[in-house]
Amino acid sequence: MKIILLGAPGAGKGTQAKIISEKLEIPHISTGDIFRANIKGNTPLGMKVKEYLDNGELVPDELTVEIVKDRLGNDDCAKGYILDGFPRTIPQAEYLDKVLSEMNTSIDLALLIDVKDEDIITRMSGRRVCTNCGATYNIVFNPTKVEGICDSCNSEVIQRADDSAETVLNRLETYHKQTQPLIDYYKKTNKLVVAEGAEEVKDTTERVLKALGI
Ligand code: ADP
Ligand code: ZN
């Protein structure tokens, strides 16, 4: 199954993507994770994109689409994948449709995890992420067992630089302007399914699996 995840930053896409990916045994492809790994590794791509991420702005489409195209060509994508953070603009969505049709395939579903802005802001200020395995936590809703230490791999858990209050507002604005129009884009082709984000991860998961019919 080929799935796109839609939703505001902090809606819980990454968390749900991990769960779906394990359940369906398909890769979880997160453009945000790819960019952060490149920044951490000081690669040429990392150096080009760092400033955008720090400011909560979108990386230009030219840089983003190439990475995704490469990644989708990998053997592990044959059975399907879950795309988290891509597409994020209408041109990216059009590009994806084009690339997939060249591969004689298409997206099966676009899943929107729907969360209100005010909840997003509360959540993101409490979000923490593992520096090693990428697991995400929340100091209020989903804390680590030991403060600052990842439950699954024992590495350090930190706040992402772009989760600071000011950047969060910027990212939300960017989301409304550039990414929200994708909801209509996928509605038009009958690919859109919606799961309302719940307070508890497991309740959201239940709605997500139901929406996907898995
Ligand atoms: P979130 O969804 O929580 O904002 P991500 O990890 O998906 O976080 O993305 C972090 C940042 O990476 C974005 O704010 C943006 O700068 C960049 N980014 C990720 N995916 C894309 C994309 N498809 N197009 C442009 N920029 C992207
Ligand atoms: Zn970890």
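Reader: Why is K177 called exposed?

Author: This is a predicted model, and in it K177 has a relative accessible area of 59%. The label "exposed" needs over 50%, so K177 gets it.

Reader: What makes K177 and E173 a salt bridge?

Author: Look at the gap between their side chains, which is 3.3 Å from N to O. The cut-off is within 4 Å, so the pair passes. Both residues sit in helix 7, four residues apart, which means that about one helical turn separates them. E173, at 44% relative accessibility, counts as partly exposed.

Reader: How do you know that R36 and D33 are paired up like that too?

Author: Their closest N and O atoms are 2.9 Å apart, and the limit is 4 Å, so R36 and D33 form a salt bridge. These two are three residues apart in helix 2, so about one helical turn lies between them.

Reader: And why is R36 called partly exposed?

Author: R36 has a relative accessible area of 27%. Buried would need under 20% and exposed over 50%, so R36 falls in between. D33 lands in that class as well, with 39%.

Reader: What makes K202 and E200 count as a salt bridge?

Author: The N to O distance there is 3.9 Å, and within 4 Å is enough, so K202 and E200 count. K202 is exposed at 57%, while E200 is partly exposed at 45%. Shared partners also link salt bridges into one network of R127, R160, D162, D163 and R171. The structure holds 14 salt bridges.

Reader: Why does K13 have no salt bridge?

Author: The nearest side chain of opposite charge, D84, is 4.8 Å away from K13. A salt bridge has to be within 4 Å, so K13 and D84 miss out. K13 is buried and belongs to helix 1. D84 is still among the residues in contact with K13, including L5, G85 and I113 too.

Reader: What makes the approach of K13 to A8 close enough for a polar contact?

Author: A polar atom of the K13 side chain lies 3.2 Å from the backbone oxygen of A8. The distance limit is 3.5 Å, so this pair is within it.

Reader: Why is T167 called buried?

Author: Its relative accessibility is 9%, and buried means under 20%, so T167 qualifies. T167 is part of helix 7. Setting aside residues up to four places away in sequence, T167 touches D54, N55, G56, A161 and D162.

Reader: How do you know that the side chains of T167 and S164 make a polar contact?

Author: They come to 3.0 Å, and the cut-off is 3.5 Å, so that distance fits.

Reader: Is N38 buried or exposed, and how do you know?

Author: N38 has a relative accessible area of 16%. That is under 20%, so N38 is buried. You'll find N38 in helix 2, and T43, L45 and G46 are in contact with N38, leaving aside neighbours within four places in sequence.

Reader: Why is N104 called exposed?

Author: N104 has 74% relative accessibility, and exposed starts over 50%, so the name fits. N104 lies in the loop between helix 5 and strand 4, with a positive phi of about 60 degrees although N104 is not a glycine.

Reader: What makes N154 exposed?

Author: N154 reaches 61%, over the 50% mark, so N154 is exposed. Its phi is positive, about 65 degrees.

Technical notes:
Residues numbered from 1 in each chain as written. Chains lettered and ligands numbered in written order. Predicted model: local features only at pLDDT ≥ 70, side-chain atom pairs only at ≥ 80, totals over all residues. Heavy atoms only, no water. Buried < 20%, exposed > 50% of the residue type's maximum accessible area, 1.4 Å probe, protein only. Lys, Arg positive; Asp, Glu negative; His and termini not counted. Polar contact = N/O pair within 3.5 Å; in protein donor to acceptor, adjacent residues only side chain to side chain. Contact = heavy atoms within 4.5 Å.
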